[in-house]
Amino acid sequence: MEVSGQALRVATLLSGLLECLGFAGVLFGWTSLVFVFKREGYFEDVNKTTAKSLDPGNATEQAGEGFEAQDQKFLLIFMLASFMNNFMTFPAGYVFDRFKTTVARLIAIFLYTTATLIIAFISADSAMLLFLAMPMLTVGGILFLITNLQVGNLFGKHRSTIITLYNGAFDSSSAVFLIIKLLDEKGVSLRASFLFLSFCSIWHVARTFLLMPRGHIPYPLPPGYRYGLGSGCGAKEKEIVESRKTEQQSKELLSLKDEDPGLGQRQEPRTFWYYAFSWRFAWHLVWLSVIQLWHYFFIGTLNSLLTKLADKDGKLVSTYTNAFAITQFFGVLCAPWNGLLMDRLKQKYQKEARTGSSASVVALCSTVPSLALTALLCLAFALCASVPLLPLQYLTFILQVISRSFLYGGNAAFLTLAFPSEHFGKLYGLVMALSAIVSLLQFPLFALVKGPLGDDPLYVNVTLLLVTLLTFFHPFLVYRECRARREGPFAAS
């Protein structure tokens with residue numbers, strides 16, 4: 001029984017990894033798909049309409065404005081889809097918390113299948129349906145990710161590593177659109193590729209009922225925990241889960257009493273809103289929002305940037321687009337190093353917990369190097385992206401994928417370690433939703449570059465670089481809080 005249970009957990013882990021890798025974050029391969037859409041003539045009518053409204057004697061201006069109008073359409077689609085990817089995490093997290101795994105996954109499958117079918121059957125004449133299809137695709141994908149993140153609970157001390165691994169797979173799934181682009185060049189139609197993605201929904205449904213729990217995977221994992229087809233969740237198993245939760249709460253209360261005698265008698269359990277309005281959460285929001293804005297702005301405008309740097313050489317643009325998409329695939333290899341770093345540091349600091357530091361302080365301290373390293377990677381990526389030199393973009397692509405894989409894995413792991421587990425889903429959804437609002441700045445920034453700045457992004461890039469320096473305050477403040485709580489009495493966080 002134990003062997004079969006372990007085999008089931010490994011099957012759940014690997015199939016979840018495949019699901020995140022092949023479906024969850026395909027939006028971020030948008031640059032490859034835009035290349036195909038342009039070749040299919042999507043939004044070319046915008047070019048013609050723009051050209052007619054311009055001075056017929058200035059052909060160069062007509063061409064330039066037309067390309068910008070087409071790029072704006074694609075950027076608007078990406079902006080809307082990326083906004084929904086983050087903003088809908090909060091309601092998606094609520095659906096997952098309230099209605100549990102099976103219902104959340106069935107909603108994800110419905111949205112994903114509908115989106116892929118729409119993309120399969122639209123043409124250049126009905127390209128406006130992309131404004132509906134791409135957000136549906138991304139919301140379905142984020143639900144796949146959310147329901148899979150709990151798989152880390154099955155593997156105890158490797159929890160952070162698995163969470164970051166899944167986030168890395170989410171990033172790497174952007175390579176799916178590269179595959180579609182390459183297949184299109186070999187004669188496989190866009191329709192055939194997206195019909196195949198639709199057909200894969202059969203596998204998603206099978207995995208939902210065979211390899212995933214009906215409810216949630218608890219943490220810590222109770223003894224004898226079973227899930228999957230036929231396992232159910234009888235009264236006895238529910239009692240075990242509730243007993244384990246009560247035991248964990250008792251341990252946490254004892255830990256608080258050790259840190260500050262008498263605290264257990266006078267401190268009420270803190271609410272979700274207490275943590276949502278804390279400085280720790282606020283600076284984490286700044287850290288995530290600024291770095292994410294850089295990534296979204298870069299991905300959304302990459303086709304336009306490459307077209308300009310390559311002097312509209314389509315073959316050269318295709319080569320660099322492929323290179324970018326290939327580097328995205330390696331996100332799944334980069335992300336686990338972030339989680340492994342946190343897991344190792346947490347284990348190292350466990351010794352300190354026996355000599356005075358609480359488990360919560362130990363967990364918080366283990367996040368500092370990850371937060372600082374992610375900010376440093378973003379700064380390096382932003383510097384390279386700001387230099388208008390085409391060959392340098394290869395290095396930009398590498399730094400971008402490492403930074404992004406560290407960002408999302410580190411975000412989920414930080415929220416897991418720095419805040420109570422009962423508030424994780426809501427805090428994760430809230431930080432993603434608020435950062436989505438900040439990500440809307442990518443379109444006015446694009447309009448500013450293409451309009452008043454005369455297609456010169458220098459001032460925008462310098463401004464964003466200066467703002468990026470704010471991200472280093474987050475790890476510094478967390479480090480200072482850790483030091484204060486280790487050296488003095490327990491301070492409210």
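A crossing of two helices is left-handed if the near helix is turned anticlockwise from the far one by less than a right angle, and right-handed if clockwise. The exercises below apply this and other terms to a predicted model, in which local features need pLDDT of at least 70, side-chain atom pairs count only at pLDDT 80 or more, and totals for chains, interfaces and linings use all residues. Residues are numbered from 1 along each chain as its sequence is written, and side-chain values use heavy atoms, with hydrogens and water left out.

**Exercise 1. The overall fold**

State how many helices and strands the protein has, and what percentage of its residues count as buried.

Solution. Step 1: helices (H or I, at least four residues) and strands (E, at least two) are DSSP runs, numbered from the N terminus. The protein has 23 helices and zero strands.

Step 2: buried means under 20% relative accessible area, exposed over 50%, and partly exposed in between, with a 1.4 Å probe and protein chains only. Of the 493 residues, 54% count as buried.

Step 3: a contact means heavy atoms within 4.5 Å. Among contacts with a separation of 6 or more, 81% come from residues 24 or more positions apart.

**Exercise 2. Two packings of helix H20**

Describe how H5 packs against H20, and how H19 packs against H20.

Solution. Step 1: axes are lines fitted to C-alpha atoms, for helices over the stretch in contact, and angles run from 0 to 180 degrees between N-to-C directions. Angles under 35 degrees count as roughly parallel, over 145 as roughly antiparallel, 65 to 115 as roughly perpendicular and the rest as oblique.

Step 2: helix H5 (residues 89-121) meets H20 at an angle of about 165°, their axes lying 7 Å apart. H5 is therefore roughly antiparallel to H20. The crossing of H5 with H20 is right-handed.

Step 3: H5 contributes Thr 89, Phe 90 and Asp 97 to the contact, while the residues of H20 include Gly 425, Lys 426, Tyr 428 and Gly 429. For the classes, Ala, Val, Leu, Ile, Met, Phe, Trp, Tyr, Cys and Pro count as nonpolar, Asp, Glu, Lys and Arg as charged, and the others, Gly among them, as polar. The contact of H5 with H20 then divides into five nonpolar, three polar and two charged residues.

Step 4: H19 and helix H20 (residues 424-439) pack at about 140°, with axes 9 Å apart. This angle makes H19 oblique to H20. Their crossing is also right-handed.

Step 5: in H19, Tyr 408, Asn 411, Ala 412, Leu 415 and Thr 416 meet Phe 424, Leu 427, Tyr 428, Val 431 and Met 432 of H20. By class, this contact has eight nonpolar, two polar and no charged residues.

**Exercise 3. Salt bridges across the chain**

Determine how many salt bridges the model contains, and locate the partners of Arg 39, Asp 171 and Glu 481.

Solution. Step 1: side chains of opposite charge can pair when their charged atoms come close. A salt bridge is a side-chain nitrogen of Lys or Arg within 4 Å of a carboxyl oxygen of Asp or Glu. By this rule there are seven.

Step 2: Arg 39 pairs with Asp 184, the closest N and O atoms being 2.7 Å apart. Arg 39 belongs to helix H2 (residues 30-39) and Asp 184 to helix H8 (residues 175-185), 145 residues apart. Arg 39 counts as partly exposed because its relative accessibility is 43%, whereas Asp 184, at 14%, counts as buried. Beyond four places in sequence, Asp 184 touches Val 36, Arg 39, Glu 40 and Leu 190.

Step 3: Asp 171 pairs with Arg 404 at a closest N and O distance of 3.6 Å. The pair links helix H7 (residues 159-172) with helix H19 (residues 393-418), 233 residues apart. Asp 171 is buried at 0% relative accessibility, and Arg 404 is buried at 1%.

Step 4: Glu 481 pairs with Arg 280, with closest N and O atoms 2.4 Å apart. Glu 481 lies in helix H23 (residues 473-487) and Arg 280 in helix H14 (residues 279-309), so the pair ties together parts 201 residues apart in sequence. Both Glu 481 and Arg 280 are buried.

Step 5: Glu 19, Arg 105 and Arg 207 are joined in a network of salt bridges.

**Exercise 4. A loop residue**

Is Tyr 227 buried or exposed, and which residues does Tyr 227 touch?

Solution. Step 1: Tyr 227 sits in the loop between helix H10 (201-210) and helix H11 (235-259). Tyr 227 counts as buried because its relative accessibility is 7%.

Step 2: leaving aside residues up to four places away in sequence, Tyr 227 touches Leu 8, Arg 9, Thr 12, Leu 154, Leu 211, Met 212 and Pro 213. The C-alpha atoms of Tyr 227 and Leu 211 are separated by 7.7 Å, at 16 residues along the chain.
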